[in-house]
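Opening my notebook on this one, with a few things I want to look up. Here is the structure, so you can follow along.

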Amino acid sequence: MKTVDLVIVGAGAGGLSAALAAWNAGIRDILILEKENDTGGILNQCIHTGFGLHTFKEELSGPEYAERCAMMLKDTDVNIQCGTMVLSMTKDKILTCSSAEHGLEKIQARAVVFASGCRERSRGAIQIPGSRCAGILTAGTAQRYLNIDGWMCGKRVLILGSGDIGLIMARRMTLEGAKVVAVAELMPYSNGLPRNIKQCLDDFGIPLYLSHTITQIEGKHRVSAAVLSQVDEHLQPIKNTEKRFEVDAVLLSVGLIPENTILEEAGALIHPKTRGPVVDEQCMTSLDGVFACGNSLHVHDLVDFVYAEGQRCGQGAAAYLTQSLKQEKCVQVGAAGNVSYVLPQILHFCDAKLFFRVKTPMKNCAVVLKSGTKELKKMKKISLLPSVMEEITVTKELLEQCEDDLTLEVTSWN
Amino acid sequence: MKDVVIIGAGIIGCFLAYDLSKYDLKIAVVEKNMDVASGATKANSAIVHSGHDPKDGTLKALLNVRGSRMYEQICKDLNCHYEKIGAYVLACGAEEEDTLLQLAKQAENRNIPFEVHTHQEIVSREQNISDEVTKGLWLPSTAIITPWEVSCVLMDNAIERGTELHLNTEVTSIEKMNHGYRIVTSKGEMMSKVVINCAGVHADEVTAMVNPHPGFTITARRGEYFVLDHLKDPVVSIILFPVPSSKGKGVLLVPTIHHNLLLGPTSDPIDEKENVDSTKEGLAEVREKMHKLIKNVPMNQVVRTFSGNRPSGSTHDFVLEEDDLNPGFLICGAIESPGIASAPAISEYMIEHFVSKRLQLLNKNNLPALVLRQRLLSEMSDTERNDKISKDSRYGKIVCRCEQISEGEIVEAIHRNTPVLTLGAVKRRLRPGMGRCQGGFCEPLVLKILARELKLSLNEIVLEEAGSNVLLEKR
């Protein structure tokens with residue numbers, strides 16, 4: 001059986017960045033397995049600009065960003081095997097994968113990084129009543145059809161969900177000549193980045209209906225209309241608020257779910273909220289030597305954050321492989337109140353960053369880190385949005401003061 | 001001149017084509033949809049019921065018991081999936097227990113294996129059973145199959161033995177001639193000595209083409225379902241039924257062959273026979289009713305909802321007969337539950353009682369070897385799998401991540417005897433699109449493979465029926 005020091009699953013921004021970080025940390029035997037025929041992952045279909053301001057200090061398109069990541073590995077001996085799907089992994093890190101070129105292969109890894117991205121929540125998952133005819137697609141699938149294959153899936157479009165892909169596709173379909181009649185969002189606030197609301201909807205006069213959902217899809221073979229209803233505070237449709245739109249396509253942008261079936265099947269602990277694995281500050285999962293980063297760990301709003309997490313993860317994997325001294329002492333970190341989740345969930349006593357999201361928008365609030373009932377750190381925030389990932393730093397010294405597990409919560413600033 | 005024209009390629013039409021093609025007959029199957037098994041056969045609970053439930057003296061009782069005993073061997077012969085996982089009928093309270101014991105009596109009279117279990121006994125086997133459940137009727141001979149899989153393989157064999165299959169071909173009128181029938185379709189006409197009407201929800205309308213007063217009418221009863229993803233810890237490992245009511249078998253929980261969990265169905269008569277929309281009310285009803293039987297169902301793992309219309313007959317039994325006015329015009333109508341379970345026995349019954357009276361059934365010489373269900377890579381050893389990949393590298397290229405299906409397998413399925421013309425057909429053959437991403441990743445890839453193999457443009461590929469094109473125009 002082939003043995004490799006570090007196997008990275010996925011050659012998107014997270015995987016490529018993890019590879020570079022591990023290489024820079026001295027790991028020389030690195031193999032990236034990528035299911036597509038090219039590196040870049042989902043960036044390849046994100047042909048709009050707006051990527052890279054943090055990492056590369058300039059605004060790039062998705063494919064350009066992917067190219068930069070790949071170029072940075074040019075002078076390394078990191079091995080990239082495209083067209084290869086990882087099918088399973090044992091908890092002893094034996095991966096089974098399949099490709100046209102190499103057939104079915106088993107690879108023994110000493111460390112593994114999962115950077116396998118995420119999938120879109122589908123129509124079935126949200127159970128929209130009505131026809132199950134053609135013309136109902138997730139926004140990402142429509143994006144792929146348009147930007148990779150060059151085909152339009154609709155001419156009059158209603159978009160459900162104000163996730164970033166939905167917003168981007170509202171603009172993209174409009175630019176290609178389609179009429180986007182509306183974007184509807186179940187929640188009273190958008191799930192997309194504020195800049196995307198501005199640049200993709202407002203600038204094109206596309207209405208955003210907050211607190212609305214689709215209550216009926218009509219159409220025998222293809223979508224002919226969709227009905228929007230306003231929802232009450234329990235998110236239940238309100239009678240007599242129906243608005244019917246004659247459309248030929250409905251795009252769904254109703255959430256992303258980390259793709260880590262293989263990790264889960266191998267026995268890694270999965271967090272119910274992020275739906276990614278539970279990790280420590282080096283991105284190591286509950287399986288020894290198995291790491292995760294990027295959208296397979298939790299869904300990010302910016303690819304730059306994926307890149308940065310890939311770096312931490314790659315360094316973590318390298319440290320694991322070189323058996324650098326490892327802190328055994330650790331605490332668990334949990335979310336409370338309006339905090340939806342916090343990562344990592346396990347902290348060793350070292351300087352680290354905690355990443356978190358809120359459940360609902362808040363203004364003038366305090367982010368409070370507690371150990372038991374003891375307040376360790378408090379940070380003022382003018383505005384927090386569910387669509388924006390926030391961070392708070394902790395130091396080794398601070399952690400040494402804690403006697404109990406940590407909780408992160410958000411309260412109003414008094 | 002054909003000997004037999006079968007109208008409708010649901011599971012009944014497929015069984016008849018399979019059984020009749022063993023004889024020296026000219027057979028054609030006419031199906032208005034783009035794929036076989038695309039009406040009631042594609043959207044049901046996929047259960048081979050043991051036969052305990054139908055009323056004494058009905059065709060349903062007779063043929064369910066018989067069919068249930070035939071399936072295992074048929075599936076074995078064709079390498080189709082069949083799992084005898086067993087079922088519980090669950091009673092909550094004294095009144096339902098009475099009904100349960102009547103069913104037990106019926107099972108006993110029909111020589112169907114059964115046991116009556118207490119709440120404790122049931123819980124020791126299935127820990128998520130609801131606290132309300134007081135007694136259970138255990139029916140170990142109840143099995144699950146994949147109805148469309150069985151139908152496709154039956155049709156593969158019928159075609160191998162010379163049967164013509166005409167998909168996307170709707171029968172518009174039938175005329176009785178001196179020596180048979182003239183069947184006019186959307187794609188031309190054909191003559192046949194015998195016609196077998198297996199037209200599902202439309203069987204009454206098709207009968208009305210030759211008899212202005214058919215002895216039965218069909219109401220479509222919509223059944224809505226949830227499908228849950230493969231679960232790491234399955235909620236149940238066996239089938240759960242409530243005690244039956246006048247509306248049918250009620251809301252069930254059924255583990256499928258592919259380790260999903262089905263919840264449903266409802267049973268609502270609807271006016272439009274082809275309307276298979278999901279409804280808010282229907283899904284809410286399933287959600288509410290299942291709680292009577294089970295707890296801890298992770299509804300956040302729902303990957304899909306679907307609904308199917310079963311042909312419910314005005315006589316409350318299967319209609320299996322030769323039309324009064326039209327010798328050689330045979331009817332398989334009102335095949336609602338337990339239709340799947342009875343299908344092989346229905347075919348046998350029709351041939352024995354009617355077809356054999358109209359046609360001479362001589363065994364075909366040189367019957368070709370059986371065409372088996374396509375063997376999947378996931379069923380092969382690593383060596384076998386690599387052997388397959390070395391002969392055709394497309395077997396190494398995985399197209400569907402969720403269900404781990406390769407391009408080679410898809411191409412193989414497309415070129416089997418039963419045509420694969422739609423994305424839905426690929427999905428029913430091999431499952432790409434049935435997993436947790438619901439085709440989000442693989443649909444564009446499958447669409448391209450299908451277009452390439454069928455030599456069509458991408459925007460000509462449809463989801464199910466003509467007009468359900470996925471893509472509209474080039475940008």
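Before I list any strand partners, a reminder to myself: two strands pair if DSSP finds at least two bridges between them. The model is a predicted one, so I keep that in mind throughout.

**Entry 1: strand β7 of chain B**

I started with β7(B), residues 135-139, and looked up its neighbours. β6(B), residues 115-118, pairs with β7(B) in the antiparallel sense over four bridges. Within that pairing, I found V116(B) bridged to L137(B) of β7(B). β5(B), residues 87-91, is also an antiparallel partner of β7(B), over five bridges. There I noted Y88(B) standing opposite W138(B).

Next I asked myself: which residues of β7(B) point one way, and which the other? K135(B), L137(B) and L139(B) point one way, while G136(B) and W138(B) point the other way. That fits the usual rule that side chains in a regular strand alternate between the two faces of the sheet. Is β7(B) mostly covered or mostly open? It is mostly covered, with five of its five residues buried.

**Entry 2: a three-strand sheet in chain B**

I then moved on to an open sheet of chain B with the order β3-β8-β4 and antiparallel pairing. Why is one side of β3(B) and of β4(B) left without a neighbour in the sheet? β3(B) (47-48) and β4(B) (82-83) stand at the edges and each has a single partner strand, so one side of each has no neighbour there. For β4(B), I looked up the pairing with β8(B), residues 143-145: two bridges join them, and they run antiparallel. Y82(B) stands opposite I145(B) of β8(B).

**Entry 3: domains of chain B**

The domain assignment splits chain B into domain 1 (1-82 + 144-217 + 314-373), domain 2 (87-140 + 219-310) and domain 3 (377-460). I looked at domains 1 and 3 of chain B, whose centres, taken over C-alpha atoms, are separated by 29 Å. Their contact takes 14 residues from domain 1 and ten residues from domain 3. On the domain 1 side, helix α5(B), residues 147-160, gives the most, with six residues. By class, I found ten nonpolar, no polar and four charged residues on that side.

**Entry 4: helix α10 of chain B**

Why is α10(B), residues 407-414, largely enclosed by the rest of the structure? Six of its eight residues are buried, so the rest of the structure largely encloses the helix. The buried ones are E407(B), G408(B), E409(B), I410(B), A413(B) and I414(B). I checked what they pack against and found β21 (398-400), β22 (405-406), α11 (423-430) and α12 (443-454) of chain B.

**Entry 5: where chains A and B meet**

My last look-up was the interface, where 38 residues of chain A are in contact with 44 residues of chain B. Several elements of chain A each supply at least two residues to the side that touches chain B, including β8 (103-114), α4 (139-147) and β11 (151-152). α4(A) gives the most to that side, with five residues. Sorted by class, the residues of this side of chain A divide into 13 nonpolar, 15 polar and ten charged.

I also found strand pairing across the two chains: β11(A) and β23(B), residues 473-474, run antiparallel and are joined by two bridges. M152(A) has E473(B) as its bridge partner in β23(B).

Note on methods: Residues are numbered from 1 along each chain as its sequence is written. Chains are lettered from A and ligands numbered from 1 in the order in which they are written. This is a predicted model: local features need pLDDT of at least 70, side-chain atom pairs count only at pLDDT 80 or more; totals for chains, interfaces and linings use all residues. Two residues are in contact if their C-beta atoms, placed from the backbone, lie within 7 Å. Ala, Val, Leu, Ile, Met, Phe, Trp, Tyr, Cys and Pro count as nonpolar, Asp, Glu, Lys and Arg as charged, and the others, Gly among them, as polar. A residue is buried if 20 or more other C-beta atoms lie within 10 Å of its own, exposed if 12 or fewer, and partly exposed in between; C-beta atoms are placed from the backbone. Domain bounds come from an automatic or database domain assignment.
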